[in-house]
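Please open the model in a viewer and keep the selection panel at hand. The tour below proceeds by selections, first of charged side chains and then of strands.

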Amino acid sequence: MNKITSLFNIKYPIIQGGMIWNSGYKLASAVSNAGGLGLIGAGSMYPEVLREHIQKCKLATSKPFGVNIPMLYPNIDEIMKIIIEENVKIVFTSAGNPKTWTSFLKQNGITVVHVVSSSVFALKAQDAGVDAVVAEGFEAGGHNGREETTTLTLIPMVKEKITIPLIAAGGIATGAGMLAAMTLGADGVQVGSRFVASTESSAHIDFKNTVVETKEGGTQLTLKELAPVRLIKNKFFDDVQRLYETAPTKEELQTLLGRARAKRGMFEGDLIEGELEIGQIAGLIHDIKPAAAIIDEMIADFEKAKQRVAQLNF
């Protein structure tokens, strides 16, 4: 029995990343209905908007789903109160110390998973009592670890240190990628970028189309002084690079970034001045399709990849 499917009571060990401006209830419920675990991304939602999405997700699926909560969220106390009131059973936490909320969530019967970028943080999460960790390599889109450790090296390093279930993330959009991660020690995978380019994603259609058009080398990690983030190379990205040529202060970088830049790009579709967060794997994403079709495609590819591996010899 697979540890991840058992932990969440799902069919496939595929978790949809809880991405800001992309992961509303429509995507989360579609992934859950297709046999994966859908996550609502709380990071771009006011508390009452999150409550609405949780309630709508319950109506849209009878299967397990969860909520991803960045712990740097300014309304974190109110968010946690809503999680309890709405009887959410699965919470993925990120961007903060897992000790802060894990015991509280566990006391309320919630399965807790924490997102990490290193084996050091994975151990801290395990010590804090989480049920599993997501180890995310720096191929991933959006905010990222400072260590720049790739998924290929991160997964076995984390596997060597922890005993709880391990979910791999970063650069995974195919069944072959899923098999590779599981061969390295992961029990399941978290997929973000591929689900951005899904019918049910709440991203703007212009952003989805840009993801499909993005080629190898079309993204880069930047703004490390604030919080490392992987972006598509558009005008805003070029503006950041030009500012770097002047040896800017953190304050100057923050001024350029401004407010709501990610919303402007991904949710409102401003492809010029917006922040367009996506992973390196975008170069392998060639179409927009329903979440269920993405999962079916991944599982079929996973089985084909297993057959190829079985034929390897030397």
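How many salt bridges does the count come to? In this predicted model, the count comes to 17 salt bridges. Three of these pairs serve as stops on the tour, followed by a sheet.

**First stop: E85 and R51**

Select E85 and R51, whose side chains form a salt bridge with the closest N and O atoms 2.8 Å apart. The two residues are 34 apart in the chain and thus link distant parts of it: E85 belongs to helix α4 (residues 76–85), and R51 to helix α3 (residues 47–60). Colour the pair by accessibility. E85 is partly exposed, at a relative accessible area of 43%, whereas R51, at 17%, counts as buried because the limit for that class is under 20%.

**Second stop: D131 and K106**

Next, select D131 together with K106. Their salt bridge brings the closest N and O atoms to 2.6 Å. This pair, too, links distant parts of the chain, with the two positions 25 residues apart in numbering. D131 is found in the loop between α6 (119–128) and β6 (132–136), while K106 is in helix α5 (residues 102–107). Which partner is buried and which is partly exposed? D131 is buried, with a relative accessible area of 19%; K106 is partly exposed at 35%.

**Third stop: R261 and E273**

Move on to R261 and E273, which meet through their side chains in a salt bridge of 3.4 Å, N to O. R261 lies in helix α13 (residues 261–267), and E273 in the loop between α13 and α14 (291–310), twelve residues apart. R261 counts as buried, its relative accessibility being 10%. Then select E48, R51, K58, K81, E85 and E86 as a group: salt bridges with shared partners join these residues into one network.

**Fourth stop: an open sheet**

Now display the strands β7, β11 and β10, which form an open sheet in that order with antiparallel pairing. Why is one side of β7 and of β10 left without a neighbour in the sheet? Strands β7 (142–143) and β10 (219–222) stand at the edges and each has a single partner strand, so one side of each has no neighbour there.

Focus on β7 and strand β11 (residues 229–232), which run antiparallel and are joined by two bridges. Here G142 stands opposite R230 in β11. Finally, add helix α11 (residues 235–244): this helix packs on the sheet, touching β10 and β11, and its direction makes about 45 degrees with that of β10.

Notes. Residues are numbered from 1 along each chain as its sequence is written. This is a predicted model: local features need pLDDT of at least 70, side-chain atom pairs count only at pLDDT 80 or more; totals for chains, interfaces and linings use all residues. Side-chain values use heavy atoms; hydrogens and water are left out. A salt bridge is a side-chain nitrogen of Lys or Arg within 4 Å of a carboxyl oxygen of Asp or Glu. Helices (H or I, at least four residues) and strands (E, at least two) are DSSP runs, numbered from the N terminus. Buried means under 20% relative accessible area, exposed over 50%, partly exposed in between (1.4 Å probe, protein chains only). Two strands pair if DSSP finds at least two bridges between them. Contact means heavy atoms within 4.5 Å. Axes are lines fitted to C-alpha atoms, for helices over the stretch in contact, and angles run from 0 to 180 degrees between N-to-C directions.
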